[in-house]
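Visitor: I would like a close look at the packed interior of this protein, and then at the charged and polar side chains around it. Please take me through it slowly, residue by residue where that helps.

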Amino acid sequence: MRMKPMVLTAAAAALIAAPAAAQQKINVGHLADYSGPTSDVGKPFGEGVADAMAWINKHGGVAKRQVNLDTVDYGYQVPRSIATYKKWTGRDKVVAIFGWGTADTEALITFVSKDQIPYVSASYAGSLTDPTGQAEKSTAAAPFNFFYGPSYSDAARALVTWAAEDWKKKGGQGAPKYVHMGANHPYPNAPKAAAEALAKELGFEVLPAIQFALTPGDYTAQCLTLKQSGANYAYLGNTAGSNVSVLKACKNAGVQVQFLGNVWGMDENAAKAAGDAADGVVIPVRTRALWTDEAPGMKTVREIGGAGSYRPSHYIAGICTAFYIKESMEWAAANGGITAIKIRDGMYARKDWVPKGMEGVCVPSTWTKTDHRPTTEVLLYRARVSGATEAPLNDLIKSGAVKMEKVTTVNLPRKPEWLGW
């Protein structure tokens, strides 16, 4: 008779423990640059990730569990990123991490691989795309590194491909001249060799690179060098803040060149800041819809971001990035539990994948165990700026004074020799 109360007590304890386990939060790290040299684009992207996760929590969380997103502004400093990573993987036991920059993401590849933590960065360096490390030009295996969107190298290849066609359409004579511009830093250098190699293959004369810092400044000297070089196409490898300085200085110097920006090199905010100096810059965009476009998934995007305020393309890309991790965690929950390994496996579970609620917004993406290039489709847009740009961005977008104009979509071949590079 004495055993019966003990059995009932154990059963009651199990009933109490079950809902407690169900409510246990999912710890996720979020490395963001809100104050450093890339904060001009880091802030809207990071806010997209954080706002999306807040919206997900508000709408039931992931598998009925809330996500505990720890957002840390590391100021684009590699030592701080490593210290934060150690805290997350030590005390906090995160199951996934949203990363940011190229220098810190590449510095953490070995840690991430050893600890087996899915690390979804906002660096799209080609070095992160080979999970096996067996590709011809891979520098290291990156089995737990992911990102959403075309790699920096593929985006630059698409720009060079478009430039070659543009030169022909313009009736250009002889070999067009191409130059890479940016800081001597892992991020702007990431696609340099890949783009220059394809440029040579397509008949460009590749000029010596022109360096300028990641921070805004007086770049008149660089613009005079650019003018004297006779370049026809110039790739801006830095983020928008310093690129704005270059665009303004080059306009004042009378430089006649077609600027090509990397994915972080120009957006709606930068177009406003640069004014008519930004008019005509061609850039890759990671989403199939911008804030004012009509697509089924924009309903969810506007709920997340607030319908009253215009949000730049980076914000929407941040939302897409968050939703891929959300659905990977849901897959993990249904296939053994929300663990880091299972989340990684969830990234491989679908082909041509668009998260639910993001239809027409996120580009269909596929990650495999041998290839972490999510897409080789690159959408190219041109910044258009007309008239004064002192008004708020919302007003400039509504009036058409600032807009992003679709140019073309370049579908690159998924060449094995381009993997990891």
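Guide: In this predicted model, the largest nonpolar core is made up of 114 residues, and those with the most contacts inside it are Met-181, Leu-226, Phe-259, Trp-264 and Met-329. Helix H13, which covers residues 313-334, supplies the largest share of this core, namely 11 residues. Met-329 can serve as a point of entry: once its neighbours within four places in sequence are set aside, Met-329 is in contact with Ile-26, Val-28, Met-53, Val-62 and Val-67, and also with Ile-338 and Ile-343. Separate from this core there is a second one, of 25 residues, which includes Ala-155, Ala-164, Ala-199 and Trp-418.

Helix H6 deserves a look of its own. Spanning residues 152-169, H6 has 18 residues and reaches 26 Å from its first C-alpha to its last, close to the 26 Å expected at 1.5 Å a residue. H6 is mostly covered, since 14 of its 18 residues are buried. After H6 comes Gly-171, whose phi is positive, near 75°.

From the nonpolar side chains we can turn to the charged ones. Across the whole structure a search finds 20 salt bridges, and three of them can be taken in turn. In helix H13, the helix that gives the largest share of the core, the side chains of Glu-330 and Lys-326 meet in a salt bridge at 3.1 Å, N to O. These two residues are 4 residues apart in H13, and therefore separated by about one helical turn. An α-helix has 3.6 residues a turn, so residues three or four places apart point the same way. The partners differ in their surroundings, for Glu-330 is partly exposed at a relative accessible area of 29%, whereas Lys-326, at 14%, is buried.

A pair with the same spacing is found in helix H12, residues 298-305, where Lys-299 and Glu-303 are likewise 4 residues apart and separated by about one helical turn. Their side chains meet in a salt bridge of 2.9 Å, N to O. Here Lys-299 counts as exposed, with 57% relative accessibility, while Glu-303 is partly exposed, its relative accessible area being 42%.

The third pair is Arg-344 and Asp-345, whose side chains meet in a salt bridge at 2.8 Å, N to O. Arg-344 is buried, at a relative accessible area of 16%, and Asp-345 is partly exposed, at 22%. Elsewhere, salt bridges that share partners join Asp-70, Lys-87, Arg-91 and Asp-92 into one network.

Asp-92, a member of that network, lies in helix H3, residues 78-92, and counts as buried at 17% relative accessibility. The side chain of Asp-92 makes a polar contact of 3.2 Å with the side chain of Arg-91. If residues up to four places away in sequence are not counted, Asp-92 touches Asn-27, Asp-70 and Lys-87.

A buried polar residue of another kind is Thr-287, which has a relative accessible area of 1% and lies in the loop between strand S11 (282-285) and H12. A polar atom of the Thr-287 side chain lies 3.0 Å from the backbone oxygen of Ala-289. Beyond its neighbours within four places in sequence, Thr-287 is in contact with Tyr-148, with Ile-316, Ala-317 and Cys-320, and with Val-361, Val-363 and Leu-379. Of these, Ile-316, Ala-317 and Cys-320 fall within the residue range of helix H13.

For contrast, Ala-141 is partly exposed, with a relative accessible area of 32%, and is found in the loop between strand S4 (119-120) and strand S5 (145-146). Not counting residues up to four places away in sequence, Ala-141 touches Ile-109, Ser-113, Asp-130, Pro-131, Thr-132 and Gly-133. Ala-141 and Gly-174 are 33 residues apart in sequence, and their C-alpha atoms are 41 Å apart in space.

A last point concerns the confidence of the prediction. The mean pLDDT of the chain is 94, and 95% of its residues reach 70 or more. Over residues 1-22, however, pLDDT stays under 50, and for that stretch the model has 2 contacts beyond four places in sequence.

Key:
Residues numbered from 1 in each chain as written. Predicted model: local features only at pLDDT ≥ 70, side-chain atom pairs only at ≥ 80, totals over all residues. Heavy atoms only, no water. Core = buried A, V, L, I, M, F, W, Y, C linked by side-chain atoms within 4.5 Å. Buried < 20%, exposed > 50% of the residue type's maximum accessible area, 1.4 Å probe, protein only. Contact = heavy atoms within 4.5 Å. Salt bridge = Lys/Arg side-chain N within 4 Å of Asp/Glu carboxyl O. Polar contact = N/O pair within 3.5 Å; in protein donor to acceptor, adjacent residues only side chain to side chain. pLDDT = per-residue confidence, 0-100. Expected span 1.5 Å × (residues − 1).
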